[in-house]
Amino acid sequence: MTNPLGGPNRVSQGLPTPPTGWPIGSYPTYAEAQRAVDYLADQQFSVEDVTIVGVDLMQVERVLGRLTWGKVIGGGIVSGAWLGVFFGLLLGLFTTGGLFGPLAVGIVGGIVFGVISTAIPYAATRGQRDFASSMQLVAGRYDVLCDPKTAEAARDLLAKLAL
């Protein structure tokens with residue numbers, strides 16, 4: 001995870017720079033690299049000097065399922081109805097005479113908006129993309145780097161974790 005506050009030893013402005021430091025561990029998953037850094041923190045190690053670097057990056061698109069007009073329209077109805085409920089309740093707070101009228105108008109308007117906003121992009125693909133998917137950026141491995149002045153101590157601590 002990133003920290004928006006940064007740290008005293010981090011460059012926070014300017015162009016992106018490659019990570020620096022000596023490797024103190026290499027892990028096949030991010031969870032294992034995170035566990036190693038957490039272990040260092042638990043051992044009172046100065047983790048401000050540590051960086052997790054994803055190596056051999058890949059963009060992975062995981063196919064979730066086939067898209068049909070029914071699924072597209074149904075998804076538009078559901079998402080539009082939720083948006084309509086929100087706006088209907090909000091409108092109901094500022095009108096007199098009850099909540100049902102503004103809520104009904106909000107739901108109907110939301111459904112119309114939801115169907116239009118999902119149907120037009122799906123129709124524009126003209127059958128070239130009849131599936132839903134999610135994209136992820138993953139790494140082949142995760143290296144943990146450390147400032148050279150404390151790298152040896154970090155390696156010694158991580159060796160105890162591996163035992």
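How many strands does the open sheet have, and in what order do they stand?

## The sheet

There are three strands, arranged S1-S3-S2 with antiparallel pairing. Helices and strands here are DSSP runs, numbered from the N terminus (H or I over at least four residues for a helix, E over at least two for a strand), and two strands pair if DSSP finds at least two bridges between them. S1 and S2 stand at the edges with a single partner strand each, so one side of each has no neighbour in the sheet. From one strand to the next, the twist averages 30°, where axes are lines fitted to C-alpha atoms (for helices over the stretch in contact) and angles run from 0 to 180 degrees between N-to-C directions.

A word on what you are looking at: this is a predicted model, in which local features need pLDDT of at least 70 and side-chain atom pairs count only at pLDDT 80 or more, while totals for chains, interfaces and linings use all residues. Residues are numbered from 1 along each chain as its sequence is written, and side-chain values use heavy atoms, with hydrogens and water left out.

## Strand partners

Let's look at the pairings in turn. S2 and S3 run antiparallel and are joined by 15 bridges. Valine 50 stands opposite cysteine 146 in S3, and isoleucine 52 faces valine 144 in S3. S1 and S3 are also antiparallel, with five bridges between them; here proline 23 stands opposite leucine 145 in S3.

## The nonpolar core

The largest nonpolar core holds 18 residues. Such a core is a set of buried Ala, Val, Leu, Ile, Met, Phe, Trp, Tyr and Cys residues joined through side-chain atoms within 4.5 Å. Ile24, Leu40, Phe45, Val50, Val144, Cys146 and Leu158 have the most contacts inside the core. Strand S1 (22–27), helix H1 (30–42), S3 and helix H4 (151–162) are the elements that give two or more residues to this core. In soluble globular proteins, nonpolar side chains tend to be buried together.

## Salt bridges

The model has four salt bridges, each defined as a side-chain nitrogen of Lys or Arg within 4 Å of a carboxyl oxygen of Asp or Glu. Aspartate 56 and arginine 141 form one of them, at 3.7 Å from N to O. Aspartate 56 belongs to strand S2 (residues 50–66) and arginine 141 to strand S3 (residues 131–146), so this pair ties together parts that are 85 residues apart in sequence. Arginine 141 also meets aspartate 143, with the closest N and O atoms 3.1 Å apart, and Asp56, Arg141 and Asp143 are thus linked in a network of salt bridges.

How covered are these residues? Arginine 141 is partly exposed at 32% relative accessible area, whereas aspartate 143 is buried at 12% (buried means under 20%, exposed over 50%, partly exposed in between, with a 1.4 Å probe and protein chains only). Another salt bridge joins aspartate 147 to lysine 149, their closest N and O atoms being 3.8 Å apart. Aspartate 147 is partly exposed at 27%, and lysine 149 is exposed at 64%.

## A nonpolar surface patch

Leu83, Phe86, Phe87, Leu90, Leu93, Phe94 and Phe113 form a nonpolar patch on the surface, together offering about 780 Å² of accessible area. Patch residues have over 30% relative accessible area and no salt bridge, with nonpolar side chains (Val, Leu, Ile, Met, Phe, Trp, Tyr) joined within 5 Å and like charges within 9 Å; the areas come from the Shrake-Rupley method with a 1.4 Å probe, and for residues only the protein chains shown count as cover.

Helix H2 (residues 69–93) gives the most to the patch, with five residues. Leucine 93 lies in helix H2 and counts as exposed at 64% relative accessibility.
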